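Open the model in your viewer and keep the selection tool at hand. The tour makes a few stops, each with something to select.

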Amino acid sequence: MSELLPVTVGRSPDLWESGELPDRLNTSILRSPPSTAPQPTAPQPTAPQPGVTNAAADRETDRPLLTVRGLTHHYPVGRDRVLAFAQINLDLRPRELVCLLGPSGCGKSSLLLAIAGLQRATAGEVRLKGQPIQEPQPSVGMVFQGSALLPWLTVTQNITWGLKLRRMPAIAKAVARSRAAEALASVGLGGVERAYPHQLSGGMAQRVALARALVRQPELLLLDEPFSALDAITRRSMQALLLQAIARYPAAVLMVTHDIDEALALGDRVVLMDRNPGRIRRQWILRSPPIDPNDRSLRDPAAQGALRREILEELLTVIDPVVPPSIAGGVQP
């Protein structure tokens, strides 16, 4: 049911050259030169519809959207350097939702920052659709543990602020407001557009933070324990809402969590990180691509008892290698 991820160890590539990710398709370069000869009429391809797959779409889904190769990062600590994570190799396919598990201090959040281009890794490379990432990109959205809303801005202003970040294509104010309203509706928060952050509950604030990331219509969504500070009922509601939102905005998702049940409820794949240094240790595939985001629903972790126990035992081995399996199996997360 599970298998050990192959980790390629070798010479780490140098830091990549900076590259630009195209924000718009310049259709002018696709036009054919004018011709006076009559051209045969060819059937026009139809866009893939939700829930409908075809061979071309399957091939596209099979290609990695995100590729991480040999990613390694050191933190300076005084005159020394601490190795946060080493030789991370990871692929993420379109519309895939991958949950990243691991003990505290294994480098999960640092890894997300490096993938987002918010932190330069020491070695290795991150590519989105083949283009290198070394600084924040319009097509990559991120949600942190806290909502990080600007207190002097209204809900709508906080969301549209995400459209004003560096390298975002300029859009008209009316379009920005329309996209903000759509993002708010996708997270179930219509009617609070003029509220300020101090007027929101914790769950509402995290919904606004998610809407701020979705308004950019990202191809890759990075989530760093976005529901960890919420109570159990609100967290379950937010998990269901997340699945609905990414069905509307079909992004691939890499989500850091400490909660095995959350990983089992949401993930198409669960990846476990080791520590000292952080490395990918093992993975479990719950749903294979191609993946239809409209076909997702929250799973019941209790119905996956054997898999839940297996992940727990492996996680406890990472935390304390001397824990006997018999003890690990009797511990509840």
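**Stop one: the cavity**

By class, six nonpolar residues, one polar residue and no charged residues line the largest cavity. Here Ala, Val, Leu, Ile, Met, Phe, Trp, Tyr, Cys and Pro count as nonpolar, Asp, Glu, Lys and Arg as charged, and the others, Gly among them, as polar. This is a predicted model, in which local features need pLDDT of at least 70 and side-chain atom pairs pLDDT 80 or more, while totals for chains, interfaces and linings use all residues. Residues are numbered from 1 along each chain as its sequence is written, and side-chain values use heavy atoms, without hydrogens and water.

Select V143, Q206, L210, L223, P226, F227 and L242 to show the lining of the largest cavity. A cavity is a set of points, on a 1 Å grid over the protein atoms alone, where a 1.4 Å probe fits but cannot get out; lining residues have an atom within 4 Å of a point. The space in the largest cavity is about 30 Å³, a volume being the space filled by probe spheres set on the points, which are joined across faces, edges and corners.

**Stop two: strand β3**

Next select residues 97–101, strand β3, where five of five residues are buried (under 20% relative accessible area, 1.4 Å probe, protein chains only). Strands are DSSP runs of E, at least two residues, numbered from the N terminus. L97, C99 and L101 point one way from β3, and V98 and L100 the other way.

**Stop three: the neighbours of β3**

Add residues 252–256, strand β8, which runs parallel to β3 and is joined to β3 by four bridges; strands pair if DSSP finds at least two bridges between them. L97 stands opposite V253 in β8. Finally add residues 269–274, strand β9, which pairs with β3 in the parallel sense over four bridges. There, R269 is the bridge partner of V98.

Terms used. On a 1 Å grid over the protein atoms alone, a cavity is a set of points where a 1.4 Å probe fits but cannot get out, and a pocket is an open set with protein on both sides within 12 Å along at least five of seven lines; lining residues have an atom within 4 Å of a point. Buried means under 20% relative accessible area, exposed over 50%, partly exposed in between (1.4 Å probe, protein chains only).
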